[in-house]
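Student: Hi, I've got a model open and could use a hand reading it. Can we go through it together?
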Amino acid sequence: MNLNDSFAIQVLQRAKDETHGWKMLIGGEWVESRSGNRMTSVNPAYDEAIAEVPAGNGEDIQLAVEAGKAAYPAWSKLHVDERAKRCRQFADALRGAAREFGMLDAIDSGNPFLSMVEDAKKGAALHDFFAGLGMEMKGQTIPTPGGGLDYTRPQPFGVVGRIIPFNHPISFAAGKIAPALIAGNSVILKPADQTPLSALWMGKLVKEHFPPGVVNIVTGEGPACGGALVAHKEVRRIAFTGSVETGRAITRAAGIKSLSLELGGKNPLIIYPDVDIEKAAAAAVAGMNFTRSQGQSCGSNSRVFVHSKIKDRFLEAVLARTGKIVIGLPELESTQMGPVVTRRHYERVMAYIQAGRDEGARLVCGGGHAPGGALQKGYFVDVTVFDQVRHGMKIEREEIFGPVMSIISWDDERAMLQEVNDSDYGLCANIWTNDISTGLRMADSVEAGYVWINGHGGKRFKGAPFGGVKDSGIGREHSIDELMSYTQMKNINIAY
Ligand code: NAD
């Protein structure tokens with residue numbers, strides 16, 4: 001094995017042992033896939049297989065649904081305080097093992113170790129947050145003619161499906177099951193094909209803190225495993241985070257059930273000429289998430305619309321910062337940016353870079369494999385910035401999901417806003433100005449579900465609803481809206 005960091009090797013071995021050789025968790029038991037088929041997880045920094053995990057399919061989903069159904073009545077009848085207690089204990093255990101989970105994610109996903117330690121803590125924090133909100137799952141009383149009593153009660157769905165993408169494995173595996181559990185549902189978690197290891201290992205903490213069958217973890221390939229979960233008649237609620245393309249497939253396959261879709265983004269950062277250029281450049285680089293996930297974040301500000309008056313100085317300030325980003329092996333604490341997740345994705349990002357060149361954008365930084373002997377085997381894309389990008393170019397239109405930033409200069413606000421909104425996506429937008437009226441006017445006008453004024457994409461706030469408009473999705477997360485989305489309202493009318 002190329003990996004030679006002793007902590008990383010130790011964590012990998014421990015996780016393998018504690019999952020009984022990378023088994024899935026169904027009904028509180030470690031199980032192999034019914035077919036016996038396995039799929040490979042690769043360390044993207046070395047292009048090397050590190051684990052074989054079960055390739056679950058419809059048969060395994062069926063078992064998980066049965067386990068979820070068996071666990072549901074008792075779990076849903078527990079007082080919410082009791083469910084909250086379990087979630088808090090689970091969160092404490094995850095926080096206590098954050099360095100271990102962070103390391104496992106670093107070697108499975110390629111994201112830098114320290115940022116993955118923070119991700120594990122973020123996953124835990126969402127359990128605390130939703131545990132605190134539990135008592136807010138309230139109904140209403142409704143005045144009805146002729147007296148009597150009419151009231152509503154939010155009730156859970158039963159078994160819900162939670163499908164997650166590759167880019168923040170433990171943060172999503174842990175955090176995104178929290179509201180479903182607090183609301184009283186049992187859950188089937190389907191981790192991403194590329195990064196299943198930390199979710200499987202999380203099974204150990206699940207086993208210790210939740211009754212059997214309340215959380216089931218089934219690994220497998222998208223259509224075969226996730227597809228079976230989506231199509232299952234008795235799973236009445238599916239929450240999906242991933243690409244627009246898969247979101248469309250899920251919408252077609254789901255039939256009549258409650259769906260939430262957190263999808264991609266091609267997020268604009270709009271910069272007015274009155275800003276502090278250094279601060280705006282710092283926000284642009286931070287918000288591109290070069291250093292947290294190689295730009296593989298839905299909220300990355302990959303389209304930077306900067307006023308032509310300050311464009312050259314802004315670009316210089318951006319390049320001064322991107323030039324300092326430390327690209328390295330993800331298991332090292334010194335690393336700020338690692339490889340992208342798979343060879344296929346590396347090639348996809350490189351094809352976008354080529355398209356940028358072919359369409360006449362000016363490459364001002366990166367554009368190839370990251371330099372350095374130790375990085376040659378891995379899928380390391382260099383920090384890449386294109387200047388003179390024009391609206392309509394492929395790199396300006398499509399979500400690259402890699403460390404590639406496009407700079408577009410503007411003079412006329414109306415024309416700029418038209419270009420900003422001329423996108424199928426509508427996840428986030430970020431506006432930099434020192435004029436509060438301009439900021440507020442633009443915040444109203446941009447077509448996005450989450451807007452910062454003088455902020456950046458790395459900053460999300462618990463309680464503030466996160467989600468997109470247009471093709472970026474349906475539903476809101478990290479807020480009371482998300483908790484309530486795991487309930488369905490029942491109306492009860494009593495005649496006196
Ligand atoms: P993806 O859509 O390829 O896969 C996501 C998950 O869906 C995986 O678990 C996969 O196995 C599963 N899947 C694939 N096909 C399926 C099918 N037919 N039925 C059911 N499940 C299926 O996405 P990805 O490449 O893992 O992640 C990147 C995408 O996720 C980007 O577009 C990114 O913007 C988006 N994303 C969005 C948010 C958000 O909050 N809006 C957060 C993170 C990532």
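Tutor: Sure! Keep in mind that this is a predicted model. Let's begin with a strand pair: Y151 has I492, in strand 20, as its bridge partner.

Student: Which strand is joined to strand 20 there, and by how many bridges?

Tutor: That is strand 6, residues 149-156, joined to strand 20 by eight bridges, and the two run antiparallel.

Student: And what's the strand order in the sheet?

Tutor: The order is 5-6-20, an open sheet of three strands with antiparallel pairing. Strand 5 (141-142) and strand 20 (487-494) each have a single partner strand, so they stand at the edges with one side lacking a neighbour in the sheet.

Student: Switching topic: how many disulfides are there?

Tutor: Zero. For C298, the nearest cysteine sulfur belongs to C428, 6.3 Å away.

Student: Why is there no bond from C428?

Tutor: Because its closest cysteine sulfur, in C298, is 6.3 Å off, which is too far; the cut-off is 2.5 Å.

Student: Is C428 buried or exposed?

Tutor: Buried, because its relative accessibility is 2%.

Student: Nice. Which residues touch the most other members in the largest nonpolar core?

Tutor: M202, I271 and F314, out of 100 residues in that core. Helix 5 (residues 113-133) gives the most to this core, nine residues. Domain 1 (6-263 + 475-491) and domain 2 (268-461) each supply at least three.

Student: What does I271 touch?

Tutor: Leaving out residues up to four places away in sequence, its contacts include F314, W410, W432 and H307. Apart from this core lies another of 28 residues, with I270 and Y379 among them.

Definitions and conventions. Residues are numbered from 1 along each chain as its sequence is written. This is a predicted model: local features need pLDDT of at least 70, side-chain atom pairs count only at pLDDT 80 or more; totals for chains, interfaces and linings use all residues. Side-chain values use heavy atoms; hydrogens and water are left out. Buried means under 20% relative accessible area, exposed over 50%, partly exposed in between (1.4 Å probe, protein chains only). Two strands pair if DSSP finds at least two bridges between them. Helices (H or I, at least four residues) and strands (E, at least two) are DSSP runs, numbered from the N terminus. A nonpolar core is a set of buried Ala, Val, Leu, Ile, Met, Phe, Trp, Tyr and Cys residues joined through side-chain atoms within 4.5 Å. Domain bounds come from an automatic or database domain assignment. Contact means heavy atoms within 4.5 Å.
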